[in-house]
Amino acid sequence: MVLELQKPRPIWQIMFSTHHTDIGLLYTIMSLAFLFMGGALALAIRVEMFSPGPQFIADSMTFNRIFTVHGTNMIFLFLLPFASAVGNYFIPIMVRYKDMAYPKLNAIAFWMLPPAAALVWLGFADFGWYAQPPYSAISAPSPAAEMWIFGLKIIGVSSILGAINFIVTILKCKHPDLPLSKVPLLGWSFLSSSLIVLVAIPTFAAALLMLLTDRLGVTGFFNPAMGGDPIAYSHLFWFTFHPEVYVLVIPAIGMMYEIIPRFSRKPIFSHSSGVFAFVLLSIVSFASWAHHMYATGMSFTEKTVFMVGTLAAVPASAMHVFNFLATMWGGRAKYSTPMMWSVGGIALFFSAGAGGVVNTAMPLDFITHDSYWVVGHFHLFVFGTIAFGSFGFLYYMFPFITGRMYNELWGKVHFVLIFIGAVLVFFTQHILGLYGMPRRVFDYPEIPEWIAMNQIQAVGAVLLGVGMTIFLVNLIYSSAKGKEANMEDPFGLGGKYYYPYQAKNPHHD
Amino acid sequence: MKNIIGLFMVLSILVILPTVQIVFAAGDEAGEYIDRRVEIWNLFFRMMTVAFVVGAVVSGTLIWLIWRFRESNPKATPTKYEGTGELDR
């Protein structure tokens with residue numbers, strides 16, 4: 001029942017199953033499909049920006065559509081579903097329960113995503129991944145805008161259903177002998193991020209409805225011509241989506257907490273500090289949303305409050321980093337592919353956090369605001385940290401899902417290419433931002449520094465593309481033809497395959 | 001645990017105070033002028049110096065950890081948890 005691909009079954013048995021590992025498999029396949037689709041759009045963006053003037057994208061409207069769908073797709077159709085995939089596979093096992101608390105609700109939450117994805121991709125809206133009014137409320141073309149709004153609405157409902165399921169599974173369905181304090185840190189990460197989803201998402205749900213009624217001409221919440229305030233949308237949006245960054249990053253850190261002790265052959269240095277840091281991050285995630293709007297005429301006091309609120313995330317994030325370092329200290333680490341991704345993710349997480357401190361200092365924010373610095377900072381988090389953690393965990397889960405081993409050499413080549421590519425693209429974007437290049441532009445003047453740095457990024461993007469192609473081929477080939485995994489100890493760590501191994505017992509115990 | 005929290009609180013304050021100080025430096029009284037552009041870039045370079053120093057220390061530690069505690073290092077010895085079953089859970 002666990003090794004789905006080892007015992008071939010009709011596809012409809014998996015599609016209509018409500019078992020948590022089947023739903024996990026569906027989430028995995030779907031999120032990877034959208035990863036490659038969204039990655040192709042990213043490559044198109046970077047190639048287009050290789051030099052000034054239009055290259056192969058006809059006009060700015062098409063360019064805007066491409067980066068809108070790229071952003072929406074990567075966040076809502078790759079990162080979030082992949083986290084759900086991991087949670088579905090592991091949370092019931094970790095809390096020693098037979099399935100998720102509400103299996104049918106779990107299946108419904110998954111099956112809401114394909115229609116939502118179809119709306120986002122077929123609509124191909126053009127107003128950025130956050131639909132900034134007044135453009136989105138007044139003049140963004142229909143029906144793309146409405147399709148995007150409905151797509152996001154469905155994804156939001158799906159996220160809430162998933163979050164409820166994780167919270168109930170962890171809090172109410174865990175084995176009576178398992179105190180909450182002993183739940184593994186991956187479980188704590190899902191509990192924390194699910195609680196954030198429950199508090200944060202309804203605000204965006206309301207904002208989407210207000211945006212829709214504005215577009216219909218019924219209301220003017222965000223329409224200045226009708227007395228509305230576009231900045232109000234920004235507040236509603238960021239009240240949801242700054243915490244949402246933590247919704248994405250906390251499970252990725254939880255995945256690293258699973259991998260680093262395993263491959264260091266040591267228990268985690270401090271379980272309690274990991275729990276503390278997750279809870280602290282969850283709380284402070286709501287104290288920082290307005291730092292996205294320093295440049296909109298906020299009062300000095302408001303800016304100070306949100307600056308301090310944002311900086312409060314630094315100690316919590318640093319606790320995770322030091323927990324990882326202390327765990328590795330004195331260990332005997334095996335640098336298989338999952339461990340390499342996790343360690344690379346820690347390095348980039350730290351770099352992203354250092355850049356974030358600059359963003360949050362309000363005088364400095366005026367330098368970096370709306371520049372390529374922000375693009376680099378954001379991508380270091382979502383790609384350098386979250387996607388790195390996710391890739392590492394996918395390699396870790398691979399024997400569990402398929403019963404076979406991936407090709408270790410190509411897994412490492414994948415890591416090296418992606419790490420170099422990510423550094424080339426996202427670090428360069430920081431510097432480009434300091435040179436004054438604005439983000440979300442289709443074209444740029446012939447400034448030699450700008451041209452050089454855009455070309456460096458294009459080279460990095462090609463490396464990313466090659467790395468992801470290797471990843472795709474490795475996944476497909478190894479799923480079918482890979483060496484059969486030793487399910488007792490597939491990574492040769494000298495122990496059992498831990499949670500996945502336990503899952504072979506139908507009662508997960 | 002308390003020491004760790006205390007250390008991070010001190011570090012946070014050390015980062016926050018200079019930032020707040022420079023923002024207040026603008027003043028509200030007539031006749032007080034500062035060149036905000038210069039001050040802000042000064043602050044930027046100071047914070048980047050701090051960020052790079054801390055980054056170098058952490059990254060250096062990470063690289064050393066990877067080098068020293070890899071299983072192929074001649075000095076590597078089994079951890080006290082190996083073979084005890086403690087890692088199987």
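Biologist: In this predicted model, what is the handedness of the crossing of α15(A) and α16(A)?
Modeller: Helix α15 covers residues 372-402 of chain A, and helix α16 covers residues 408-434 of chain A. Their axes lie 7 Å apart. The crossing of α15(A) and α16(A) is left-handed.

Biologist: Are α15(A) and α16(A) roughly parallel or roughly antiparallel to each other?
Modeller: The two helices pack at an angle of about 165°. Angles over 145 degrees count as roughly antiparallel. Therefore α15(A) and α16(A) are roughly antiparallel.

Biologist: How many charged residues does the contact of α15(A) with α16(A) have?
Modeller: On the α15(A) side, the contact includes A:W373, A:L380 and A:F383. On the α16(A) side, it includes A:F426, A:Q429 and A:H430. By class, the contact has twelve nonpolar and eight polar residues, and the number of charged residues is zero: there are no charged ones.

Biologist: How are α9(A) and α13(A) set to each other?
Modeller: Helix α9 spans residues 230-264 of chain A, and helix α13 spans residues 337-360 of chain A. Their axes come within 9 Å and cross at roughly 120°. That angle falls outside the ranges for roughly parallel, perpendicular and antiparallel. So α9(A) and α13(A) are oblique to each other.

Biologist: Which residues of α9(A) make the contact with α13(A)?
Modeller: α9(A) passes α13(A) in a left-handed crossing. From α13(A), the contact takes A:P338, A:M339, A:S342, A:G345 and A:I346. From α9(A), it takes A:M256, A:I259, A:I260 and A:F263.

Biologist: Which helix gives the largest share of the largest nonpolar core?
Modeller: This core has 162 residues. A:L79, A:L211 and A:M256 are among those that touch the most other members. The largest share, 20 residues, comes from helix α3 (residues 60-94) of chain A.

Biologist: Which residues is A:L211 in contact with, leaving aside its neighbours within four places in sequence?
Modeller: A:L211 is one of the core residues that touch the most other members. Beyond its sequence neighbours, its contacts are A:A131, A:P133, A:S136, A:A137, A:I149, A:F222 and A:Y233.

Biologist: Which helix gives the most to the side of chain B that touches chain A?
Modeller: Chain B has two helices and zero strands. In all, 33 residues of chain B are in contact with 39 residues of chain A. Both α1 (2-24) and α2 (36-68) of chain B supply at least two residues of that side. The most, twelve residues, comes from α2(B).

Biologist: What percentage of chain B counts as buried?
Modeller: A residue is buried if 20 or more other C-beta atoms lie within 10 Å of its own. Chain B has 89 residues, and the buried share is 8%.

Note on methods. Residues numbered from 1 in each chain as written. Chains lettered and ligands numbered in written order. Predicted model: local features only at pLDDT ≥ 70, side-chain atom pairs only at ≥ 80, totals over all residues. Axes fitted to C-alpha atoms, helices over the stretch in contact; angles between N-to-C directions. Helix = DSSP H or I, 4+ residues; strand = E, 2+ residues; numbered from the N terminus. Parallel < 35°, antiparallel > 145°, perpendicular 65-115°, else oblique. Left-handed = near helix turned anticlockwise from the far one by under 90°. Contact = placed C-beta atoms within 7 Å. Core = buried A, V, L, I, M, F, W, Y, C linked by C-beta atoms within 7 Å. Buried ≥ 20, exposed ≤ 12 C-beta atoms within 10 Å, placed from the backbone. Nonpolar A, V, L, I, M, F, W, Y, C, P; charged D, E, K, R; others polar.
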